[in-house]
Amino acid sequence: MALRPKYVTFDCYGTLIYFEMAPAARRIYADRVDASQMDAFCADFSSYRLDEVLGAWKPYVEVVRNALERCCKLWRVEFRETDAEAIYAAIPSWGPHPDVPEALAKVAAHVPLVILSNSMTDLIPHSVAKLDAPFHAVFTAQEAQAYKPRMRAFEYMFDQLGCGPEDVLHCSSSFRYDLMTAHDLRITHKAFVNRGHEPPTPYYGCHEIKDIRGLPGLLGL
């Protein structure tokens, strides 16, 4: 049976936009971390970023900086402020996964599209413009004063849309940032975009799609 949500809501970075945080770290730390250890270094950098967003809201540049400094401390490699600045400054240049624009445009003709992103209000427009699809609304962690996976971020989105968890289909490539919280908030319809970031976890009751080209099919389009 085709899903009939009032809104299709999305995580942005990683799900729609190709998330290049690890590639940027690989380039910058190539002179300090052995190539054989780089995957582990980037995994730790990712883990620290998640930890950094679990508390009170702070600007995302501080999330990146703090996570990178903590990762370098763990690895006993030199941390430079310019490293974090360079990684953060590259975010506006990141583009969408190739499957995204056409599929989004197809869905947007039938259901309003919404983004809920762990981003800044001055940062997200650069990425949204590259998606080449009409969005009904775009909400950021800065506006919500909370990052996903905190419930407060989702609650802010519901308040702004004037809807409830039962009214959306939430799409993400991350269980830890989005879909676990979506489950806890009783979001009825969830789509796991399996881009290889995290393994499928059937417990959370998601529709699994390989990429955004699978989304129209969930909606019967």
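## Starting with R32

Is R32 buried or exposed? In this predicted model, R32 is buried, with a relative accessible area of 17%. That value puts R32 in the buried class because the class takes in residues under 20% relative accessible area.

R32 has an acidic partner in D83, and their side chains form a salt bridge with an N to O distance of 2.9 Å. This contact joins distant parts of the chain: R32 sits in the loop between helix 1 and helix 2, while D83 belongs to helix 4 (residues 81–90), and the two are 51 residues apart. Like R32, D83 is buried.

R32 also forms a salt bridge with D31, where the closest N and O atoms are 3.2 Å apart. D31 is exposed, at 55% relative accessibility, whereas R32 is buried.

## A link between helix 1 and helix 2

Another pair to look up on the structure is R26 with D39. Their salt bridge brings the closest N and O atoms to 2.5 Å. Here too the contact connects distant parts of the chain, with R26 in helix 1 (residues 21–28), D39 in helix 2 (residues 38–52), and their positions 13 residues apart.

As for accessibility, R26 is partly exposed at 34%, and D39 is exposed with a relative accessible area of 53%. R26 misses the exposed class because that class requires over 50%.

## Salt bridges across the structure

If you would like the wider picture, the whole structure contains 14 salt bridges. Some charged side chains join up into a network: D51, E52, K58 and R70 are linked in this way by salt bridges.

## Backbone spots to look at

Two arginines are worth a visit for their backbone angles. R76 has a positive phi of about 60 degrees, although R76 is not a glycine. You will find R76 in the loop between helix 3 (60–75) and helix 4, and R76 is exposed, with a relative accessible area of 77%.

The second is R186, a non-glycine residue with a positive phi of about 65 degrees. R186 lies in the loop between helix 9 (175–184) and strand 5 (189–193). At 70% relative accessibility, R186 is exposed.

Finally, have a look at the peptide bond that runs from K148 to P149: this bond is cis, with omega near 15 degrees. P149 is located in the loop between helix 7 (141–144) and helix 8 (151–161).

Terms used:
Residues are numbered from 1 along each chain as its sequence is written. This is a predicted model: local features need pLDDT of at least 70, side-chain atom pairs count only at pLDDT 80 or more; totals for chains, interfaces and linings use all residues. Side-chain values use heavy atoms; hydrogens and water are left out. A salt bridge is a side-chain nitrogen of Lys or Arg within 4 Å of a carboxyl oxygen of Asp or Glu. Helices (H or I, at least four residues) and strands (E, at least two) are DSSP runs, numbered from the N terminus. Buried means under 20% relative accessible area, exposed over 50%, partly exposed in between (1.4 Å probe, protein chains only).
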